[in-house]
Amino acid sequence: AFGVNVSVCEDCGCISVHYNSCRDRCCPMCQEFPKEKWVDARREDILDAPYFHVVFTVPEELNPIIYSNQKVLYTALYHATSDTLSELAADCKYLGTDIGYICILHTWGSTMNFHPHIHAIVLGGGLDVKNHWKDNGKDFFLPIKIISKTFRGKYMAELKQLWENDRLEFHGSAAPYKNYYTFKELLNTCYTKEWIPYCKKPFDGAESVIRYLGKYTHRIAISNYRIKGMTESTVTFSAKDYKNQGHWKEITLSGEEFIRRFLMHVPPKRFVRIRHYGLLSSRNKKKQIALCRNILGCKKYISKLKDMDAPAIIRLLYNKDICKCSSCGGKIIPLPTEQHFIKPKPHMLC
Ligand SMILES: [Zn+2]
Ligand SMILES: [Zn+2]
Ligand SMILES: [Zn+2]
């Protein structure tokens, strides 16, 4: 569908075919490049300081409403997360500084079920009013109970506001909540429930933050390696079984069900999934991060991939020269389009 480039080797006449990438941000195959470039650029703002990983989730009772109102209620997740983190960090009871963090929305659980949550990568320190660096060492600077309560309050307030302003829609499994009392009851249930955000094991230095970012940021629903097999009508993939201590198990679904689950996780059009806040927001980053770096005495990493084109990046990362013949190393030249006698095989696109 996206065409091919066919080239021929000047020396041995060997023909090579490169399929064009679809570049879709949901395509598990086409995200490798944007990911590498993005991660490489992020390295420039990583400091030698403590980083934490907090996951913000909502009670599953809200899933139908969220699925039916993805744009506004995903956005509300970012609002609640960032207001919680920024406000609490600025509170002198805790850290009393401006902090920085990156929020990434995931909408899937291990079986590609609908499970919206936000991963926040938090730089656990910042500058106080006198521009002094402050952090809490290896311990997270906020009690998780306080985070939980604050986050719940903020998310519910925005949800309620949207509801009162008639901004919510009720499709599919959300239809029963059109009823005033049913919705009211849902709000009550969610208010009384304990919300369980959790703080994962802190990152072990800047390098592990980078590795994490590379693994989780540019992914939708499932990575290719988890797909174990396919038949005419089914797909088998591995998933973590949380009822069994997180051991891996294999799940087989019909092709339609697999696609249905995958498509639930395509974000709304032009929706920004990775957002930067505080010290790490683009507005502040250059000046503030440079200041922090100086105060902390960290070396600056200079992006390697920023101005490189695709062949140069492939050469650097995979040590492979796509401008040379793969059989003899000779020079390859593009074959004129009218001589493209090879039809792309559908399963090889991207
Ligand atoms: Zn693709
Ligand atoms: Zn996740
Ligand atoms: Zn050759």
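Colleague: In which loop is the place of D45?

Modeller: This is a predicted model, so take everything here as computed. Two elements flank D45, a helix and a strand. D45 belongs to the loop between α1 (32-42) and β3 (51-57).

Colleague: And is D45 buried or exposed?

Modeller: The relative accessibility of D45 comes out at 9%. Buried means under 20% relative accessible area. Because 9% falls under that limit, D45 counts as buried.

Colleague: Which residues does D45 touch, if I skip the ones up to four places away in sequence?

Modeller: One partner is Y51, and D45 and Y51 also both turn up in the lining of the largest cavity. L280 is another residue that D45 touches, and L280 is part of that lining too. Put together, the contacts of D45 are Y51, L280, K285, I289 and R293.

Colleague: Since you brought up cavities, how many of 30 Å³ or more does the structure hold?

Modeller: The largest cavity has a volume of about 70 Å³. The second largest cavity holds about 30 Å³ of space. With that 30 Å³ cut-off, the count of cavities is two.

Colleague: How does the lining of the largest cavity divide into nonpolar, polar and charged residues?

Modeller: Lining this cavity are R42, D45, I46, Y51, I102, I121, V209, L213 and L280. Asp and Arg count as charged, while Ile, Tyr, Val and Leu count as nonpolar. The split is therefore seven nonpolar, no polar and two charged.

Colleague: Which element gives the largest share of the lining of the second largest cavity?

Modeller: The lining here is made of Y74, L105, T107, W108, H265, P267 and R273, which divide into four nonpolar, two polar and one charged. L105, for one, lies in a strand. Three of the lining residues come from the element you are after, strand β4 (residues 98-108).

Colleague: Let's stay with L105: is L105 buried or exposed?

Modeller: L105 touches Y74, L77, Y78, H117, I118, F271 and R273, leaving out residues up to four places away in sequence. The relative accessible area of L105 is 2%. Because buried means under 20%, L105 is buried.

Colleague: How far apart in space are L105 and H117, C-alpha to C-alpha?

Modeller: Along the sequence, L105 and H117 are twelve residues apart. They do touch, as H117 is among the contacts of L105. Their C-alpha separation is 6.0 Å.

Colleague: H117 is a zinc ligand here, isn't H117 one of a set; which are the protein donors of the zinc ion (ligand 2)?

Modeller: Along the chain the donors follow the spacing H-x10-H-x1-H. They lie 2.0 to 2.2 Å from the zinc ion. H117 is buried at 7% relative accessibility, and H119 is buried at 6%. The donors, with their atoms, are H106 (ND1), H117 (NE2) and H119 (NE2).

Colleague: Over to F170: what separates the C-alpha atoms of F170 and Q245?

Modeller: F170 sits in the loop between α4 (144-164) and α5 (180-192), and F170 is buried at 15% relative accessible area. Its contacts include I65, S68 and W163. F170 and Q245 are 75 residues apart along the chain, and their C-alpha atoms are separated by 36 Å.

Colleague: Is D241 buried or exposed?

Modeller: D241 has its place in strand β9 (residues 234-241). Beyond neighbours within four places in sequence, D241 contacts G246, H247 and K249. Its relative accessible area is 17%, and because buried means under 20%, D241 is buried.

Colleague: What about L316: buried, exposed or partly exposed?

Modeller: L316 lies in helix α9 (residues 310-318) and is in contact with K304, L305 and M308, neighbours within four places aside. The relative accessible area of L316 is 42%. Because exposed starts over 50% and buried ends at 20%, L316 is partly exposed.

Colleague: Last one, on the whole chain: what percentage of the residues are buried?

Modeller: The chain has nine helices and twelve strands, and its C-alpha atoms fill a box of roughly 70 × 55 × 40 Å along the principal axes. About 19,500 Å² is exposed, with carbon and sulfur atoms supplying 53% of that area. Of the 350 residues, the buried share is 46%.

How values were computed:
Residues are numbered from 1 along each chain as its sequence is written. Chains are lettered from A and ligands numbered from 1 in the order in which they are written. This is a predicted model: local features need pLDDT of at least 70, side-chain atom pairs count only at pLDDT 80 or more; totals for chains, interfaces and linings use all residues. Side-chain values use heavy atoms; hydrogens and water are left out. On a 1 Å grid over the protein atoms alone, a cavity is a set of points where a 1.4 Å probe fits but cannot get out, and a pocket is an open set with protein on both sides within 12 Å along at least five of seven lines; lining residues have an atom within 4 Å of a point. Grid points are joined across faces, edges and corners, and a volume is the space filled by probe spheres set on the points. Helices (H or I, at least four residues) and strands (E, at least two) are DSSP runs, numbered from the N terminus. Buried means under 20% relative accessible area, exposed over 50%, partly exposed in between (1.4 Å probe, protein chains only). Accessible areas come from the Shrake-Rupley method with a 1.4 Å probe; for residues, only the protein chains shown count as cover. Donors are N, O and S atoms within 2.8 Å of the metal (3.2 Å for Na, K and Ca); water is not among the atoms, so sites may look incomplete. Contact means heavy atoms within 4.5 Å.
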